[in-house]
Amino acid sequence: MAGIGGRSPSIYPTLLYADAKAAIRQLTEAFGFTEASVYEGEGGTVMHAELVQGNGAVMLGSKGRGGRFDEAMKGAGHTGVYVVVDDVDAHHQRAVDHGAEILMPPTDQDYGSRDYMARDIEGNIWSFGTYTPELGA
């Protein structure tokens, strides 16, 4: 990202899923994330996973896995995440090819970005586009 001097991002969206393994499959297959790490507990519960897209990442895990974060997120609603991609149309086509629910097809925005929007298998909203915020030093 421009303005952060090549450092790792300091903000990581974190989501919990009833079926974290299915979410990981969708995010990697349909939305092009790369699996960086997945830590499973007993019975295949995803205790923690990190998926990378560009120079950013999301963290996720299984709902009901226990711990303070799981308890704090209990009953939390859906979330929205924006991800910068180079080729919106190709990214969109990949999502379509993998059966993702598209909420808005690739659209040119007044502010110069080209974006599309999709819903994941548990209702979270993912926007993919070319807009890159200019961050301070």
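**Strands, core and a pocket**

G80 stands opposite I125, a residue of strand β8. That pairing comes from a predicted model, as does everything else described here. G80 itself belongs to strand β5, which covers residues 80-84. Strand β5 and strand β8 (residues 125-129) run parallel, and five bridges join them. Strand β5 also has two faces to look at: V81 and V83 make up the covered one, while G80, Y82 and V84 sit on the uncovered one.

Next comes the inside of the protein. The largest nonpolar core holds 24 residues. Which of them have the most contacts inside this core? The list runs Y17, L27, F31, F33, L60, W126 and F128. Plenty of elements chip in: β1, α1, β3 (46-53), β4 (56-62), β5, α3 (88-97), β7 (114-119) and β8 each supply at least two residues. Helix α1 gives the most, with four residues. So both partners of the parallel pair, β5 and β8, turn up again among the suppliers of the core.

Helix α1 deserves a closer look. Why is this helix described as largely enclosed by the rest of the structure? Seven of its 10 residues are buried, so the surroundings wrap up most of it. The buried ones are A20, A22, A23, I24, Q26, L27 and T28. In a helix of this kind, there are 3.6 residues a turn, so residues three or four places apart point the same way.

Two residues of this buried set show what the helix meets. L27 is one of the core residues with the most contacts inside it. Leaving out residues up to four places away in sequence, L27 touches Y17, G32, F33, L51, L60 and W126. Its neighbour on the list, Q26, also lies in helix α1, which spans residues 20-29. Q26 has a relative accessibility of 12%, and it counts as buried because the cut-off is under 20%. Once neighbours within four places in sequence are set aside, Q26 is in contact with F31, A100, R119, D120 and I121. F31, one of these partners, is also on the list of core residues with the most contacts.

Finally, there is open space to consider. The second largest pocket contains about 260 Å³. It is lined by 16 residues, and the closest to its centre are L16, K63, M73, A76 and G77. Two elements, β1 (14-17) and α2 (68-73), give two or more residues each to this lining. How many of the lining residues are nonpolar, polar and charged? The split is four nonpolar, seven polar and five charged.

Conventions: Residues numbered from 1 in each chain as written. Predicted model: local features only at pLDDT ≥ 70, side-chain atom pairs only at ≥ 80, totals over all residues. Heavy atoms only, no water. 1 Å grid on protein atoms, 1.4 Å probe; cavity = no way out; pocket = protein on both sides within 12 Å on 5 of 7 lines; lining within 4 Å. Points joined across faces, edges and corners; volume = space filled by probe spheres on them. Nonpolar A, V, L, I, M, F, W, Y, C, P; charged D, E, K, R; others polar. Buried < 20%, exposed > 50% of the residue type's maximum accessible area, 1.4 Å probe, protein only. Contact = heavy atoms within 4.5 Å. Pairing = 2+ DSSP bridges. Core = buried A, V, L, I, M, F, W, Y, C linked by side-chain atoms within 4.5 Å.
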